[in-house]
Amino acid sequence: MTLRVTLEVQTGSSIGQKVVVRTGEAVTIGRAAPSDFVFSDDTHMSGKHFRIECGDHTCTLRDLKSSNGTLLNGQGAAIALLRNGDTVLAGNTSFSVQTAQETAERSPATVASPGENATPQDRLLSLFRNEFQPLYALLDAAVEPSVLKVLLESKEEYQSLYQGLSGAQLTHFAPYLVRLPKESALLETLVQQGWGKNWGIYLTCDQPIETLRQHFRHSLMVQMPDGKQVYFRFYDPRVLRVYLPTCTIKETAQIFGPIQNYLLEDEDGGKLAKFESRGGIGGKTVIAVDSAVAS
């Protein structure tokens with residue numbers, strides 16, 4: 001068994017965002033990089049405000065000599081153990097704390113190969129869990145309102161690509177980056193309910209979620225020939241699968257960054273389009289999920 005502690009934002013423009021820390025992990029929360037989780041719009045939060053460290057059985061909160069201190073259940077805390085139901089306040093951002101034990105290894109059913117009567121979604125789920133890890137999804141709440149609902153109900157770590165006042169105003173229309181461990185129940189929900197409906201894109205990356213979020217934020221806006229700045233909906237699979245094959249070497253390097261593979265719905269819903277950077281060119285492989293054939 002391993003310990004999992006989830007801090008969910010209860011106030012501010014990032015409400016609903018979750019910070020997940022597991023046994024053997026430590027994360028820093030603050031207003032600016034190099035904090036692992038950044039809340040740049042909270043001017044009362046210090047650049048590096050507090051740190052969460054998880055052991056086998058306990059999780060510790062450490063204030064990092066922040067200007068305004070860190071409050072645990074309304075009391076100043078330089079160092080304290082976190083418990084289920086606690087509330088942490090840093091600057092103007094409050095977090096609810098949930099603790100849980102989870103199995104370190106998934107059950108055999110999680111990685112079982114799909115049987116003869118498997119659906120395309122079953123085969124795709126098996127591929128995501130066995131062949132494409134570490135896995136993330138970038139989901140578009142503007143395309144499907146239930147995207148935000150399934151994220152809020154999940155136990156997974158996710159962040160909006162938007163931030164600040166505009167991020168708060170566009171909560172129901174934002175793109176959301178979510179980490180999808182191979183045993184994730186959310187991964188199964190997304191595949192079973194969203195595949196073929198343009199809910200978003202999948203990708204593999206071995207970097208933390210905040211690093212990946214910062215990478216994607218650089219691609220949110222593009223400049224048109226007339227100089228006008230517009231949103232670039234690259235996280236729509238219908239857009240990205242057309243854009244990637246047209247990229248120059250420089251554009252390929254920019255869109256991939258730390259990402260190993262982009263995994264998209266192909267035009268044919270029974271196929272998975274895998275794009276990987278091959279010497280600066282986004283090479284494409286098509287994997288059939290309605291059969292066992294790859295091309």
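The open sheet in this predicted model has five strands, in the order E4-E3-E5-E6-E9, and its pairing is mixed. The edge strands are E4, residues 37-38, and E9, residues 79-81, each of which pairs on one side only. At the E4 end, strand E3, residues 26-30, runs parallel to E4, and two bridges join them. One residue pair to look at there is Gly30, whose bridge partner in E4 is Val38. As a reminder, strands of a sheet pair through backbone hydrogen bonds, either parallel or antiparallel.

Staying with this sheet, take Glu53, which is found in strand E5, residues 50-54. Is Glu53 buried, exposed or partly exposed? Its relative accessible area is 23%, so Glu53 is partly exposed; the cut-off for buried is under 20%. Leaving out residues up to four places away in sequence, Glu53 touches Glu25, Ala26, Thr58, Cys59, Thr60 and Arg62. Glu25 is 28 residues from Glu53 along the chain, and their C-alpha atoms are separated by 6.2 Å. The side chain of Glu53 also makes a polar contact of 3.1 Å with the side chain of Arg51.

Next, strand E1. How many of the eight residues of E1 are buried? Eight of the eight are, so E1 is largely enclosed by the rest of the structure. Both faces are covered: Thr2, Arg4, Thr6 and Glu8 are buried on one side, and Leu3, Val5, Leu7 and Val9 are buried on the other. E1 pairs with E2 in the antiparallel sense, over five bridges. Within that pairing, Val5 stands opposite Val21 in E2.

Thr6 is a useful residue to select on E1, which spans residues 2-9. Thr6 has a relative accessible area of 6% and is therefore buried. Setting aside neighbours within four places in sequence, Thr6 is in contact with Lys18, Val19 and Val20, and also with Ser96, Val97 and Gln98.

Now a helix. In H2, residues 146-153, the buried residues are Val147, Leu148, Val150 and Leu151. Why do they line one face of the helix? Seen down the axis of H2, the buried residues fall within an arc of 165°, so they line one face. What covers them includes four strands and a helix: E2 (18-22), E12 (135-140), E13 (158-160), E14 (175-179) and H4 (185-194). E2 is also the strand that pairs with E1.

On to the core. In soluble globular proteins, nonpolar side chains tend to be buried together. Here the largest nonpolar core has 77 residues, and the members that touch the most others are Leu7, Leu82, Tyr202, Phe216 and Tyr262. E12 gives the most to this core, with five residues. Leu7 we have already met on E1.

Tyr202 has a long contact list. Not counting residues up to four places away in sequence, Tyr202 touches Phe128, Leu135, Tyr136, Ala137, Leu180, Leu187, Leu190, Val191, Trp195, Asn261, Tyr262 and Leu263. Tyr262 is thus named twice, as a contact of Tyr202 and as one of the core members that touch the most others.

Last topic, the aromatics. A pair of aromatic rings is described by the distance of the centres and the angle of the planes. The structure holds ten aromatic pairs. In one of them, Tyr162 and Tyr231, the ring centres are 5.8 Å apart and the planes are at 50°, so the pair is tilted. This pair links distant parts of the chain, 69 residues apart: Tyr162 is in the loop between E13 and helix H3 (164-169), while Tyr231 is in strand E17, residues 229-231. Tyr162 counts as buried at 12% relative accessibility, whereas Tyr231 counts as partly exposed at 47%.

Phe232 and Tyr243 form an edge-to-face pair, 5.2 Å centre to centre and 75° between the planes. Which parts does this pair tie together? Phe232 lies in the loop between E17 and helix H6 (237-243) and Tyr243 lies in helix H6, so the pair ties together parts eleven residues apart in sequence. Phe232 is buried, with a relative accessible area of 16%, while Tyr243 is partly exposed at 23%.

Both rings belong to one aromatic cluster, formed by Phe216, Phe232, Phe234, Tyr235 and Tyr243. Phe216 connects this back to the core, as one of the members that touch the most others.

Notes:
Residues numbered from 1 in each chain as written. Predicted model: local features only at pLDDT ≥ 70, side-chain atom pairs only at ≥ 80, totals over all residues. Heavy atoms only, no water. Buried < 20%, exposed > 50% of the residue type's maximum accessible area, 1.4 Å probe, protein only. Contact = heavy atoms within 4.5 Å. Polar contact = N/O pair within 3.5 Å; in protein donor to acceptor, adjacent residues only side chain to side chain. Arc of directions from axis to C-beta. Pairing = 2+ DSSP bridges. Core = buried A, V, L, I, M, F, W, Y, C linked by side-chain atoms within 4.5 Å. Phe/Tyr/Trp six-rings, centres within 6.5 Å; stacked < 30°, edge-to-face > 60°.
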